[in-house]
Amino acid sequence: MINVEKISKQYGSLQALKDISFQIEEGTCFGLVGPNGAGKSTLMKILSGILLDFEGDIRVRDWKVSKDRLKIKQHIGYVPQEICLEETLTARDNLLLFGSLYGVKKKELQKRMEEVFDQIGLTERAKDKVETFSGGMKRRLNIGCTLLHRPDIIIMDEPTVGIDPQSRNSIFSLIHHLKKSGTTIIYSSHYIEEVEQLCESVGLIDKGRLIEYGKMEDLLERYAKPSLFISGTGIDENLLRNFGDVEKKGNGYLLNSAHPLLTLKKLVTHCHEHNLEPHRLELYHPRLEDIFFHLTGTQLRNI
Ligand SMILES: Nc1ncnc2c1ncn2[C@@H]1O[C@H](COP(=O)(O)OP(=O)(O)OP(=O)(O)O)[C@@H](O)[C@H]1O
């Protein structure tokens, strides 16, 4: 179990994190979601032992970051948001460099490099210079550099920003593979669909505070109100208020109702009787994004 206990971090007068506490079950993927500037990178750097000046503590199994930082670091692989590679060297030489930095013995390193190239799908490009790589390939190699010492906790800070779909898929399948082998993944993103797809549990962070966290299905169940989505000419808020609570959503409305199927039936009858033609009328399944909006009043995407 990883226990994050009352973490606070101040940059000068800016309170970047305030009293953040949560737990992560090992062998699962934990998603940290929040808009730009929410404090995700700061928290990731604290979790990976890079940022040392903070309040609170982190416990990994029986170790505490405050006392056993070096021990914990051996178990952690940190993928920073900024790509950190030596562009003029080949992919292979970059792995050699990072492997030695992580203290992997030379003989063992050869074996691990082959393993890593296979994991990140870059075996064919091992002898090419990094400066010839696409952004996505560099990202994959950057992840590879953190796998050489076989960490059992991997911290990835927004690893899919600005990359091509092929590299994104490759990173996703790597994460699935790592999870299967028992690795714990801590994954930050402001792409909520990625977190929904990859993570078993999630923390929502806004303005340096953890506003909610828990298992994905528990959160969805706790906040999910049964609702209908409806849009179309002549369909407006005044009309829909007769059927339940109304919220504007995109080019239509969400209609919250305790009995969505019954409401659906009544709406269809009403539209038919009044010659209204909805463009869309469907059951709506709430997403993490709706929970974030419900709790903060702001959208994640457009920030
Ligand atoms: N080294 C620093 N010195 C001063 N302020 C900082 C520093 N690093 C981050 N901040 C500030 O702390 C706040 C949180 O930043 P952080 O990078 O942790 O957020 P984030 O959620 O990772 O954002 P993004 O998604 O844009 O990377 C922001 O207001 C940021 O400007």
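Between the end C-alpha atoms of residues 2-232 the distance is 49 Å, and this span is 37% helix and 29% strand. The UniProt record, an unreviewed entry, places the feature "domain: ABC transporter" at residues 2-232. The structure described here is a predicted model, and the positions and distances that follow should be read as belonging to that model.

**The ligand and its surroundings**

The ligand is surrounded by 13 residues, and the closest of them are Tyr11, Asn36, Lys40, Ser41 and Thr42. Two elements, strand 2 (14-24) and helix 1 (40-47), give two or more residues each to this shell. Helix 1 gives the most, with 3 residues. Sorted by the character of their side chains, the residues of the shell divide into 4 nonpolar, 8 polar and 1 charged.

**Helix 1**

The helix that gives the most to the shell around the ligand is also one that is largely enclosed by the rest of the structure, because 6 of its 8 residues are buried. The buried residues of helix 1 are Lys40, Thr42, Leu43, Met44, Ile46 and Leu47. Lys40 and Thr42 are thus buried in helix 1, and both are also listed among the residues closest to the ligand. Just after helix 1 the chain reaches Gly49, which takes a positive phi of about 80°.

**Packing between helices**

Helix 5 (residues 135-145) packs against helix 6 (residues 165-180), and helix 3 (residues 91-101) packs against helix 5. The values for these pairs are set out below.

| Helix pair | Angle | Distance between axes | Crossing |
|---|---|---|---|
| Helix 5 and helix 6 | about 20° | 8 Å | right-handed |
| Helix 3 and helix 5 | about 30° | 9 Å | right-handed |

Since angles under 35 degrees count as roughly parallel, helix 5 and helix 6 are therefore roughly parallel to each other. For helix 3 and helix 5, which pack at an angle of about 30°, the description is likewise roughly parallel.

**Asp218**

Is Asp218 buried or exposed? Asp218 has 12 C-beta neighbours inside 10 Å, and because a residue with 12 or fewer counts as exposed, Asp218 is placed in the exposed class. This residue lies in helix 8, which covers residues 216-223. Asp218 and Gly27 are 191 residues apart along the chain, and their C-alpha atoms are separated by 19 Å.

How values were computed: Residues numbered from 1 in each chain as written. Predicted model: local features only at pLDDT ≥ 70, side-chain atom pairs only at ≥ 80, totals over all residues. Near = placed C-beta within 6 Å. Helix = DSSP H or I, 4+ residues; strand = E, 2+ residues; numbered from the N terminus. Nonpolar A, V, L, I, M, F, W, Y, C, P; charged D, E, K, R; others polar. Buried ≥ 20, exposed ≤ 12 C-beta atoms within 10 Å, placed from the backbone. UniProt positions renumbered as here; feature names shortened; annotations may be inferred. Axes fitted to C-alpha atoms, helices over the stretch in contact; angles between N-to-C directions. Parallel < 35°, antiparallel > 145°, perpendicular 65-115°, else oblique. Left-handed = near helix turned anticlockwise from the far one by under 90°.
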